[in-house]
Amino acid sequence: MKWWFTDYDGTININHDHKVLEIDKNFIYEWINNGNIFNIATGNMESEMKHLLKQNGLTYKYLVSNNGAAIFDYDSNLVFLRPIKLEQRTFLLDILNKLKDSFLICYVDLNKRKLFSRPNIQELEDFFTKYPEILTYVPEYQDFSLALEDISANKNICLITLMGTKESIAHLYLELQEKLTDFYIVKTDSHTVEIIDKNVSKASAIEEVMKIHNIDINDIYTSGDGGNDIKMLKMTNNSFAMSAGSKEVQNAAKYVVKNVCEIKKYLK
C-alpha cells in the first residue's frame, strides 16, 4: 500500500482555478482503486479545502492543513495540532506590530482565518485582480485590538501569513529568518511569507501519520510546487515537483512532472 501526500494549489489545482483536470482526477481515482491512500498536504485550512475537494469529487484519508500544523481526517476530526507556543507570542507580536503598515497580515485560528492588518498595497491589489481566487483566502476586517488579544492568548493560533510586493516579501523572508530563529519561515509564493512553529512542516505532519499507521518511508509519495513543499519533497525518493515550480522546488524532488498523472510512469 502506497501513501500519496499532495499539495493542492499549483499541483492538483494546477491552474489555480479550483478545478482538478480530468487527466489528474482519473489518476487519483486509479490510485485509490488500486488500494493506495490519497492525502492532501496544503497551506490552506481544512475548512477551506473540504468543500473544494468535494466539489471536484475527491475523497481522501487525511488532510494536512496550515502547512503541517494540523491534521484532519475525512470526517473533519482533528488528529493532530501543533500551534505557535504561547510563550513566543509576545515577541512575535512586537515584530508584527512593526510590519502591520507595510504588509497584509492574517493569522489562522485552527480552522478560521482572521485579519491582523490590511494596508493599501497597489501591487498586491493588482495581484488579487489577476488571481481573484487568492482573495478568497483574505478574511474580512476585524478590530485590531481583538486581533492582538487573540494572538496573545488563543492557544489554537498556528500560522501567520504576511503578503506584500515581490520586492518587500523577498527582503522580509531574509529578515524574518534572521530574527525569528525559533520559528519556521516559509516563502510560499512571490507575494507571501508564512510563520509557523519551528518543528512544523508538511513533512513533520506526514511523519505523524507514519507513526499512527507504521508506514515505511519507501511507501510515501509526495508532490508539490511551492516553498512549503520542499521539506516533504526531500523526505522521500518518491517525490514529484511540478515543472511550473521554482528551480529550488524542482531540485528538492526526485522527479519533475507537468501534471500529477505523470506519477504513474514512476510507480514501482
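Good morning. Buried area, as I shall use the term, is the accessible area that two parts lose on being put together, summed over both. The structure above is a predicted model, and I shall use that quantity to describe how its two domains meet.

The protein chain is divided into domain 1, comprising 3–82 and 201–266, and domain 2, comprising 86–197. Taken over C-alpha atoms, the centres of the two domains are 24 Å apart.

Let me begin with the sheet of 8 strands. This open sheet runs in the order E5-E4-E3-E2-E1-E11-E12-E13, and its pairing is mixed. Strand E5 (78–81) and strand E13 (255–257) each have a single partner strand, so one side of each is left without a neighbour in the sheet. On average, neighbouring strands here are turned by 20 degrees against each other, direction ignored. Within this sheet, strand E1 (residues 3–6) and strand E11 (residues 220–224) pair in the parallel sense, over 4 bridges; Trp-3 stands opposite Ile-220 in E11. Helix H2 (residues 46–55) lies across E2, E3 and E4, and runs at about 135 degrees to E3. Please keep H2 in mind.

I turn to the other sheet. It is open, has 5 strands in the order E7-E6-E8-E10-E9, and its pairing is antiparallel. The edge strands are E7 (112–117) and E9 (183–189), each pairing on one side only. Strand E6 (residues 104–109) pairs with strand E8 (residues 157–163) over 6 bridges, and the bridge partner of Asp-109 in E8 is Ile-157. Two helices pack on this sheet. Helix H6 (residues 144–153) touches E6, E7 and E8, while helix H7 (residues 166–179) touches E8, E9 and E10. The direction of H7 makes about 165 degrees with that of E9.

How, then, do the domains meet? In domain 1, 23 residues are in contact with 17 residues of domain 2. Between them the domains bury about 1700 Å², with 55% of that on carbon and sulfur atoms. On the domain 1 side, Met-45, Asn-66 and Asn-67 lose the most area to domain 2, together 26% of what that side buries.

As for polar interactions, the count between the domains is 1 salt bridge. Glu-48 forms a salt bridge with Arg-113, the closest N and O atoms being 2.8 Å apart. There are also 5 residue pairs in polar contact between domain 1 and domain 2. H2, E4 and E5 each supply at least two residues of the side of domain 1 that touches domain 2. Of that side, H2 gives the most, with 4 residues.

Thank you for your attention.

Definitions and conventions: Residues are numbered from 1 along each chain as its sequence is written. This is a predicted model: local features need pLDDT of at least 70, side-chain atom pairs count only at pLDDT 80 or more; totals for chains, interfaces and linings use all residues. Side-chain values use heavy atoms; hydrogens and water are left out. Two strands pair if DSSP finds at least two bridges between them. Contact means heavy atoms within 4.5 Å. Axes are lines fitted to C-alpha atoms, for helices over the stretch in contact, and angles run from 0 to 180 degrees between N-to-C directions. Domain bounds come from an automatic or database domain assignment. Buried area is the accessible area (1.4 Å probe) that two parts lose on being put together, summed over both. A salt bridge is a side-chain nitrogen of Lys or Arg within 4 Å of a carboxyl oxygen of Asp or Glu. A polar contact is a pair of N or O atoms within 3.5 Å; within protein, one must be able to donate a hydrogen and the other to accept it, and residues adjacent in sequence count only if both atoms are side-chain atoms.
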